Structure formats: structure tokens, C-alpha cells
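Welcome! Below are some short exercises on reading a protein fold, each with a worked solution. Try each one yourself before reading on.

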Amino acid sequence: MLTIHAPGAGDAVLVEGSVVAAIGAYEELAAAYPAARVRRWPGVLVPGLVNPYGPELLEQTYHPDPREADELGVDPVPVFFTDEVRLGASARRGVQRMLACGVVAVSGELRVRAVAEAVRRSGLAVLPRASVPSGTPALGAGVALPRLRVGDAARFAVFDGAVCVATVLGGRLLYRAK
């Protein structure tokens, strides 16, 4: 399946299956691939973000269930238990928060099996810390912005101002702002 992801800025990305097949002007891609599905987004399409703090955010931080809001609040807190099932559920909520911020990969070694499984099922890539290139531009506190290239896995995000409006991993839309 071919999909053209076209942000408001005029450039677009053509995705074939789970790979970036072409990058260019929307008009040129649409003319060359008239049968492709088109997704239009407000804002700017950028390579997805790589968060270098996977273990710290998913194994050492608890993301409360909304039913725990009265007791714990809604913001992540330091882990106060070792129950692997609960850590896995927390990691799934943490992954959803990351996707909502345009994150497509985490780096660091995930040691808790349930957390690693939650990340694997989400589609987020897990990179060894050393594999994040030292020259990679950073956004904020250590969040890296890799280059988007033809032939790479389709892992990108669309931002309208400072707000992530969509996150695509492996060609699948995994987050879309409501």
C-alpha cells in the first residue's frame, strides 16, 4: 500500500509498506502515484524523535492508571514496587505518552521483560545508547532528531507548532491528536 503523508508546508513523504519510498513536493508525488492514499496534516513533518532515556522512563518511572488519579495524580512518579505485570501496564501508558510527543524510538537496555514486551508491541524501536550518533541534533533534554531518508523505516511525526498531531511507526499511524 502506498500512502502520501502531506503536511501543510508543501513537502510530502511517500510510504510503501513500512519504508520511506520517496520524499519530495506533494504535487510531484501525487502526480507520480495517483492511486496512493493521501493523509494531510497541519504543520510540519519531521523524523520521529529518539528518547535516550528508555529504562529511566519506562522501568524506573510509574505512569499512573487514570483510576489512580485521586491517590497518585496523573504525572509519572518514581517506581515504588517491583511487580512486573504492573510495570508492563505502566510502560504501555508511558509509551502512549511518548507517541503523543512524536517519539518513535528509545535507547537504553530494557531489563524488565514486561516493559520490553510493551515497547516491542508498540512498534517503538529500541536502540543501544551508543547507536544514537553524537552529531544528532537534540530537542530539549536529550531527545534526538534523526534524519529522515528514502529506504529507512517510516518513523516520523507531524508537529503543528509545539503540538504533535500524528506519529507514524513502520508506516502505521499510531498516534493522532483528537
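**Exercise 1.** In what order do the 4 strands of the open sheet stand?

*Solution.* Keep in mind that this is a predicted model.
- Step 1: Read across the open sheet, and you meet the strands in the order β3-β2-β1-β4, with mixed pairing.
- Step 2: Look at the edges, where β3 (19-25) and β4 (37-41) stand. Each has a single partner strand, so one side of each has no neighbour in the sheet.
- Step 3: Follow the twist, which averages 20° from one strand to the next.

**Exercise 2.** Find how strand β1 and strand β2 pair, and name the bridge partner of H5.

*Solution.*
- Step 1: Locate β1 at residues 2-7 and β2 at residues 11-16.
- Step 2: Compare their directions: the pairing is antiparallel, over 4 bridges.
- Step 3: Start from H5 and look over to β2, where V13 is its bridge partner.

**Exercise 3.** Is strand β9 mostly buried or exposed? Work out its partners too.

*Solution.*
- Step 1: Call a residue buried if its relative accessible area is under 20%. By that test, 5 of the 5 residues of β9 (residues 103-107) are buried, so the rest of the structure largely encloses this strand.
- Step 2: Take one partner, strand β6 (residues 49-51), which runs parallel to β9 and is joined to it by 3 bridges. Here V50 is opposite A105.
- Step 3: Take another partner, strand β10 (residues 125-127), also linked to β9 by 3 bridges in the parallel sense. In this pair, V106 is opposite V126.
- Step 4: Trace the chain from β9 to β10: it passes through helix α5 (residues 113-122), and this β-α-β crossover is right-handed.

**Exercise 4.** Which residues of the largest nonpolar core touch the most other members?

*Solution.*
- Step 1: Recall a general tendency: in soluble globular proteins, nonpolar side chains tend to be buried together.
- Step 2: Go through the 27 residues of the largest nonpolar core; L58, V115, V119 and L124 touch the most other members.
- Step 3: Ask which elements give two or more residues to this core: they are β6, α4 (84-99), β9, α5, β13 (155-160) and β14 (163-169). Helix α4 gives the most, with 5 residues.
- Step 4: Zoom in on V119. Leaving out residues up to four places away in sequence, V119 touches L58, V95, V106, L110, L124 and V126.
- Step 5: Now look for another core, which lies apart from the largest one and has 12 residues, including V13, V15, L45 and V168.

Methods: Residues are numbered from 1 along each chain as its sequence is written. This is a predicted model: local features need pLDDT of at least 70, side-chain atom pairs count only at pLDDT 80 or more; totals for chains, interfaces and linings use all residues. Side-chain values use heavy atoms; hydrogens and water are left out. Buried means under 20% relative accessible area, exposed over 50%, partly exposed in between (1.4 Å probe, protein chains only). Two strands pair if DSSP finds at least two bridges between them. A crossover is right-handed if, with the strands pointing away from the viewer, the path from the first strand over the helix to the second runs clockwise. Axes are lines fitted to C-alpha atoms, for helices over the stretch in contact, and angles run from 0 to 180 degrees between N-to-C directions. A nonpolar core is a set of buried Ala, Val, Leu, Ile, Met, Phe, Trp, Tyr and Cys residues joined through side-chain atoms within 4.5 Å. Contact means heavy atoms within 4.5 Å.
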